[in-house]
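These notebook entries record what I looked up in the structure shown below. I grouped them by topic.

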Amino acid sequence: MGEWLIGTYVFVLAMLLGFELITRVPPTLHTPLMSGANAVSGITLIGALLVAGSGSGGLAALLGGVAVFMAAINVVGGFLVTDRMLRMFRKN
């Protein structure tokens, strides 16, 4: 029970800190931060692929497959949003 409670505290504090940090970011830094988030999502995708292909059983493969799907959507969507933001700064 103690480990679960500590994990919950860390999760809630990380959410609050993340929210405060993101809301205070100036608009000029959003594009570089989005690119960094895409890199982290790529690492998540690699981890999900490793879990899906680990051969640990049906449930692990199913959850890994779902994680691969969600991480791929996140990576592709992030790159599309970043590309759109970068096109806003181009001179015509």
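I took helices (H or I, at least four residues) and strands (E, at least two) as DSSP runs, numbered from the N terminus. I worked from a predicted model, in which local features need pLDDT of at least 70 and side-chain atom pairs count only at pLDDT 80 or more, while totals for chains, interfaces and linings use all residues. Residues are numbered from 1 along each chain as its sequence is written, and side-chain values use heavy atoms, with hydrogens and water left out.

**Entry 1: G42 and S41 in α2**

I began with G42, which I found in helix α2. For burial I used relative accessible area: buried is under 20%, exposed is over 50%, and partly exposed is in between (1.4 Å probe, protein chains only). G42 counts as partly exposed because its relative accessibility is 23%. I then looked up its separation from A71: the two are 29 residues apart in sequence, and their C-alpha atoms are 7.5 Å apart in space.

I turned next to S41, also placed in helix α2, which covers residues 30-52. Is S41 buried or exposed? S41 counts as buried, because its relative accessibility is 9%. I looked up contacts, meaning heavy atoms within 4.5 Å. With neighbours within four places in sequence left aside, S41 is in contact with A71, N74 and V75.

I also checked polar contacts, defined as a pair of N or O atoms within 3.5 Å; within protein, one must be able to donate a hydrogen and the other to accept it, and residues adjacent in sequence count only if both atoms are side-chain atoms. The side chains of S41 and N74 make such a contact at 3.0 Å.

**Entry 2: the loop after α2**

I located S54 in the loop between α2 and α3. S54 is partly exposed, because its relative accessible area is 40%. S54 and G64 are 10 residues apart in sequence, with 9.1 Å between their C-alpha atoms.

**Entry 3: helix α3**

I compared the reach of each helix with an expected span, which is 1.5 Å times one less than its number of residues. Helix α3 (residues 58-88) has 31 residues, and from first C-alpha to last it reaches 45 Å, close to the expected 45 Å.

Which residues of α3 are buried? I listed G64, V68, A71, V75, G78, T82 and M85. For T82, I noted that it counts as buried because its relative accessibility is 6%. T82 and L63 are 19 residues apart in sequence and 28 Å apart in space, C-alpha to C-alpha.

M88, also in helix α3, counts as exposed because its relative accessibility is 63%. The C-alpha atoms of M88 and W4 are separated by 45 Å, and the two residues are 84 residues apart along the chain.

**Entry 4: a nonpolar patch**

Patches are made of residues with over 30% relative accessible area and no salt bridge; like charges are joined within 9 Å, and nonpolar side chains (Val, Leu, Ile, Met, Phe, Trp, Tyr) within 5 Å. Accessible areas come from the Shrake-Rupley method with a 1.4 Å probe, and for residues only the protein chains shown count as cover. I found that L59, L62, L63, V66, F69, M70 and I73 make a nonpolar surface patch of about 760 Å². I73 lies in helix α3 and counts as partly exposed, because its relative accessibility is 49%.

**Entry 5: salt bridges**

Side chains of opposite charge can pair when their charged atoms come close. I counted a salt bridge where a side-chain nitrogen of Lys or Arg is within 4 Å of a carboxyl oxygen of Asp or Glu. How many salt bridges does this rule give? The count comes to two.

I recorded one between the side chains of E20 and R24, at 2.9 Å from N to O. E20 counts as partly exposed because its relative accessibility is 35%, and R24 is exposed because its relative accessible area is 64%.

I recorded another between D83 and R87, whose closest N and O atoms are 3.3 Å apart. Both residues lie in helix α3, four residues apart, about one turn of the helix. D83 counts as partly exposed because its relative accessibility is 34%; R87 counts as partly exposed because its relative accessibility is 46%.

**Entry 6: helix α1**

Helix α1 (residues 2-23) has 22 residues and reaches 32 Å from its first C-alpha to its last, close to the expected 32 Å. I noted that α1 is hardly covered, with a count of zero buried residues among its 22 residues.
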